[in-house]
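Trainee: Please take me through one part of this model closely: the pocket, and what surrounds it. I would like one connected account rather than a list.

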Amino acid sequence: MKHYAVIGSPVQQSLSPIMHQWVFDSLKINAEYKKIKLLENELPGIIQKMRSGELDGVNITIPFKESIIQYLDKVNPRAQSIGAANCIIRSDSMIIGNNTDWYGFIMSMKRNNIDLRNKRVVVLGAGGAAQAIIFSLKQMGVKKIDILNRTIKNALKFQDSHI
């Protein structure tokens, strides 16, 4: 059996286990998907569980999308540019991070025929998901991005950002 999880704090709100388990069951894949609530200092333990085969893959939610990167062996170039990973897998002996948030956002815009080229866009929040959205918006040719966040400090980290 394969073992997957979503990690974060809080994590109880996540629908990932329900969605993934439905896919596993529908496709008759012998796998389970659970929630794991963590503290920051427990991230290395998750990586160790992946190295040992106890976990085969992990989705990351708040607040660890940025801090997980330091524990990975390899990071996909887009996730590296974004500065946040929302999923990690084990491939051979390597723990590899990726970011799928940016792609999901771009695809949702395309499927809904939303063209943001040369538009002004407001992003609410300045966490890992916001970083992926900003990356996407730049790829889509947005003219100006305004970031609104609870703290000015976190919003300012995107000023003149490389994302």
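Mentor: Accessible areas here come from the Shrake-Rupley method with a 1.4 Å probe. On that basis the accessible surface of the chain is about 9800 Å², and carbon and sulfur atoms hold 53% of it. The model is predicted, and every value below is computed from it.

Start with the chain as a whole. Its secondary structure consists of 6 helices and 8 strands, in the order β-α-β-α-β-β-α-β-β-α-β-α-β-α from the N terminus. The radius of gyration is 17 Å, which agrees with the value near 15 Å for a compact globule of 163 residues. Along the principal axes, the C-alpha atoms fill a box of roughly 50 × 35 × 30 Å. Of the 163 residues, 40% are buried. Among contacts between residues at least 6 apart in sequence, 61% link residues at least 24 apart.

Now the pocket. Rolling a probe the size of a water molecule over the atoms shows where empty space is left. The largest pocket has a volume of about 400 Å³. It is lined by 18 residues, and those closest to its centre are Ile-62, Ala-126, Gly-127, Gly-128 and Arg-150. By type, the lining has 7 nonpolar, 7 polar and 4 charged residues. Helix H5 (residues 128–139) supplies the largest share of the lining, with 3 residues.

Two of these pieces lead outward. The first is Ile-62, which is joined to Pro-63 by a cis peptide bond with omega about 0°. Pro-63 sits in the loop between strand E3 (57–60) and strand E4 (74–75). Most residues other than glycine have a negative phi, and most peptide bonds are trans. A cis peptide bond also joins Ser-9 and Pro-10, with omega about 10°; Pro-10 belongs to the loop between strand E1 (2–8) and helix H1 (16–26).

The second is H5, against which the buried residues of H4 pack, as they do against helix H3 (77–82). In helix H4 (residues 101–111) the buried residues are Trp-102, Phe-105, Ile-106, Met-107 and Met-109. After H4 comes Asn-113, with a positive phi near 55°. Asn-118, in the loop between H4 and strand E7 (120–124), has a positive phi of about 60° although it is not a glycine. At 61% relative accessibility, Asn-118 is exposed, because the cut-off for exposed is over 50%.

Methods:
Residues are numbered from 1 along each chain as its sequence is written. This is a predicted model: local features need pLDDT of at least 70, side-chain atom pairs count only at pLDDT 80 or more; totals for chains, interfaces and linings use all residues. Side-chain values use heavy atoms; hydrogens and water are left out. On a 1 Å grid over the protein atoms alone, a cavity is a set of points where a 1.4 Å probe fits but cannot get out, and a pocket is an open set with protein on both sides within 12 Å along at least five of seven lines; lining residues have an atom within 4 Å of a point. Grid points are joined across faces, edges and corners, and a volume is the space filled by probe spheres set on the points. Helices (H or I, at least four residues) and strands (E, at least two) are DSSP runs, numbered from the N terminus. Ala, Val, Leu, Ile, Met, Phe, Trp, Tyr, Cys and Pro count as nonpolar, Asp, Glu, Lys and Arg as charged, and the others, Gly among them, as polar. Buried means under 20% relative accessible area, exposed over 50%, partly exposed in between (1.4 Å probe, protein chains only). Contact means heavy atoms within 4.5 Å. The radius of gyration is taken over C-alpha atoms; the globule rule is 2.2 Å times the number of residues to the power 0.38.
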